[in-house]
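Reader: Please pick one part of this model and take me through it closely, with individual residues where they help. A plain description will do.

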Amino acid sequence: MGRNKKMKITKVNLYDVRLPLITPYGNSMGVLYEFTSIIAVISGEDGSFGIGEATPAQPEYQEETPESVWKFVTEHGKKLIGKELDEAYEYLLGYKNKFPFACTAFMTGIEELRKDSVITPDGEIRFPLVGIVNPKEGEGLEEHIARRLEEGYKTLKVKIGFQID
């Protein structure tokens, strides 16, 4: 099923993408006003490419931060160039336990480049992931849930135990 695993990596492009949230995302550890995604585009010598990403959350949630992930990918991305796909993947496995988010950006890109992916859609796929149940001041819980269901969410996540100012 896979592609030529002997193919060498010729280029690694990295992107630090900040996605501001329309509604702050709060949980018991704090409030996020943006999600940070680190995108890695791994190019092979035949012109194909694979894309991976890592979205480290709050420092209290895991040890990696957007800054530490960026530091790792900028340092180790250079070291992947010239390696065969399997060699690069094995190299990253040595760091996976200590830097799981950072390694994921590269490893999923390599998996896609190798055609290891299980899901290969033919076209664009869109679906609402999770509707956060977090009504604003003055909005009733039932009204808020009904609105989330109307928006197409099938899964709702209830946020309790904190107060957003």
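Author: Among the contacts in the chain with a separation of 6 or more, 62% are between residues 24 or more positions apart. The model is a predicted one, and the part chosen here is its three-stranded sheet, together with the helix that packs on the sheet.

The setting comes first. The chain contains four helices and five strands, and from the N terminus on these elements follow the order β-β-β-α-α-α-β-α-β. Of its 165 residues, 32% count as buried. The surface that the chain exposes comes to about 10,700 Å², and 54% of that is supplied by carbon and sulfur atoms.

The sheet is open, has the strand order β1-β2-β3 and pairs its strands in antiparallel fashion. Strands β1 (9-27) and β3 (49-54) stand at the edges; each has a single partner strand, so one side of each has no neighbour in the sheet. On average, and ignoring direction, neighbouring strands are turned by 20° against each other.

Take the pairing of β1 with β2. These two antiparallel strands are joined by 14 bridges, and the hairpin that connects β1 to β2 passes through two residues. Two of the partners can be named: K11 has S43 in β2 as its bridge partner, and P20 is bridged to E34 in β2.

On the other side of β2, six bridges join that strand to β3, again in antiparallel fashion. One position to look at is I39, which stands opposite E53 in β3. Strands β2 and β3 also form a hairpin, with four residues between them; in its turn, G47 has a positive phi of about 95°.

S37 shows what the middle strand looks like from a single residue. S37 lies in strand β2, which covers residues 30-44. With a relative accessibility of 10%, S37 counts as buried, because the cut-off for buried is under 20%. Leaving aside residues up to four places away in sequence, S37 touches Y15, D16, V17, E53, A54 and T55. Among these, Y15, D16 and V17 fall within β1 (9-27), whereas E53 and A54 fall within β3 (49-54). T55 also has a polar contact with S37, side chain to side chain, at 2.9 Å. As a general point, side chains in a regular strand alternate between the two faces of the sheet.

What packs on this sheet? Helix α3 does, touching β1, β2 and β3, and its direction makes about 155° with that of β3. I110 is a residue to follow here, with its place in helix α3 (residues 100-113). Its relative accessibility is 0%, so I110 counts as buried. Not counting residues up to four places away in sequence, I110 touches I9, I42, L85, A88, Y89 and L92. Of these, I9 belongs to β1 and I42 to β2, while L85, A88, Y89 and L92 belong to helix α2 (85-93). I110 and G44 are 66 residues apart in sequence, yet their C-alpha atoms are 9.3 Å apart.

The stretch before α3 takes part in an aromatic grouping. A search of the whole structure finds three aromatic pairs. One of them is F72 with Y95, an edge-to-face pair with 5.6 Å from centre to centre and 70° between the planes. F72 lies in helix α1 (residues 66-80) and Y95 in the loop between α2 and α3, so the pair ties together parts that are 23 residues apart in sequence. The two partners differ in exposure: F72 is buried, with a relative accessible area of 4%, while Y95, at 27% relative accessibility, counts as partly exposed. F72 and Y95 also belong to one aromatic cluster with Y91 and F99.

Last, a residue from further along the chain, for contrast with the buried I110. L149 has its place in helix α4 (residues 141-150), and at 46% relative accessibility L149 counts as partly exposed. The C-alpha atoms of L149 and G131 are separated by 8.1 Å, with their positions 18 residues apart along the chain.

Notes:
Residues numbered from 1 in each chain as written. Predicted model: local features only at pLDDT ≥ 70, side-chain atom pairs only at ≥ 80, totals over all residues. Heavy atoms only, no water. Buried < 20%, exposed > 50% of the residue type's maximum accessible area, 1.4 Å probe, protein only. Polar contact = N/O pair within 3.5 Å; in protein donor to acceptor, adjacent residues only side chain to side chain. Contact = heavy atoms within 4.5 Å. Areas by Shrake-Rupley, 256 points an atom, 1.4 Å probe, with all protein chains shown as cover. Pairing = 2+ DSSP bridges. Axes fitted to C-alpha atoms, helices over the stretch in contact; angles between N-to-C directions. Phe/Tyr/Trp six-rings, centres within 6.5 Å; stacked < 30°, edge-to-face > 60°.
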